[in-house]
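Ready to practise reading a protein fold? Grab a pencil and work through the exercises, checking each solution as you go.

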Amino acid sequence: MGEPQQVKFPQEVIDEYAALGVDLRALFSAGHLGTRMGVQITEASAERVVGTMPVEGNTQPYGLLHGGASAVLAETLGSVGSMLHGGVTKIAVGVDLNCTHHRGARSGLVTGVATPVHRGRSTATYEIVITDEADKRVCTARLTCLLRDVRPGDAEKAAG
């Protein structure tokens, strides 16, 4: 899967979280599932989140990219955008995800780009477009996250 790439965060976001002693790369990552699937987040801001995932290792029995793998990539990217929008006082919890699968992918990397559709006080919705290496659309997804207040112990749960 290669070496993890450095996520590009806006400097003001880096400064805000660093003041709280938070490791941004760990917090805004794909988590254990995304790590097993090879998800790499390469750019992250509330306005745009970009990530990649290999097709190899994430296929269904016919050798095509599994639709669930596309859903994992989409939810990861949309959740990161929602967390960045919510800021340090909120955590994002996915409440609705829908995916339309347009074409199959058999090899290479797919790239997802999440952009906001709605960014409110209590919810955030992102559209995620996943393309193959030929820049052909593989999947279009939409994720809505609830933005809830951080509770005591949330940081320990996320780290564990």
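Below are four exercises, each with a worked solution. This is a predicted model, where local features need pLDDT of at least 70, side-chain atom pairs count only at pLDDT 80 or more, and totals for chains, interfaces and linings use all residues. Residues are numbered from 1 along each chain as its sequence is written, and side-chain values use heavy atoms, with hydrogens and water left out.

**Exercise 1. Take stock of the protein chain: which pattern do its helices and strands follow along the sequence?**

Step 1: count the elements. Helices (H or I, at least four residues) and strands (E, at least two) are DSSP runs, numbered from the N terminus. The protein chain has five helices and six strands.

Step 2: read them in order. That gives α-α-α-β-β-α-β-β-β-β-α.

Step 3: check the burial. Buried means under 20% relative accessible area, exposed over 50%, and partly exposed in between (1.4 Å probe, protein chains only). Of the 160 residues in the protein chain, 42% are buried.

**Exercise 2. Work out the strand order in the sheet, and find which strands stand at the edges.**

Step 1: list the order. The sheet is open, and its six strands run β1-β2-β4-β5-β6-β3 with antiparallel pairing. Two strands pair if DSSP finds at least two bridges between them.

Step 2: look for the ends. β1 (40-44) and β3 (90-101) each have a single partner strand, so one side of each is left without a neighbour in the sheet.

Step 3: add the twist. From one strand to the next, it averages 25 degrees. Axes are lines fitted to C-alpha atoms, for helices over the stretch in contact, and angles run from 0 to 180 degrees between N-to-C directions.

Step 4: see what packs on the sheet. Helix α4 (residues 67-86) touches β1, β2, β3, β4 (109-119), β5 (123-131) and β6 (137-149). Contact here means heavy atoms within 4.5 Å. The direction of α4 makes about 140 degrees with that of β5.

**Exercise 3. Follow the bridges from β1 across to β5, and say how many each pairing has.**

Step 1: start with β1 and β2 (residues 49-54), which pair over four bridges. I41 has G51 in β2 as its bridge partner.

Step 2: move on from G51. Its bridge partner in β4 is G112, and β2 and β4 pair over six bridges.

Step 3: finish with β4 and β5, which pair over eight bridges. R119 is partnered by A124 in β5, and the two strands form a hairpin with three residues between them.

**Exercise 4. Find the salt bridges: how many are there, and which parts do they link?**

Step 1: apply the rule. A salt bridge is a side-chain nitrogen of Lys or Arg within 4 Å of a carboxyl oxygen of Asp or Glu. The count comes to four.

Step 2: take R48 and E43, whose closest N and O atoms are 3.1 Å apart. R48 is partly exposed at 36% relative accessibility, and E43 is partly exposed at 28%.

Step 3: try E47 and R119, with 3.3 Å between their closest N and O atoms. This pair links distant parts of the chain: E47 sits in the loop between β1 and β2, R119 in strand β4, 72 residues apart. E47 is partly exposed at 47%, and R119 is partly exposed at 36%.

Step 4: go to D149 and K90, where the closest N and O atoms are 2.8 Å apart. D149 lies in β6 and K90 in β3, so the pair ties together parts that are 59 residues apart in sequence. K90 is partly exposed, at 23% relative accessibility.
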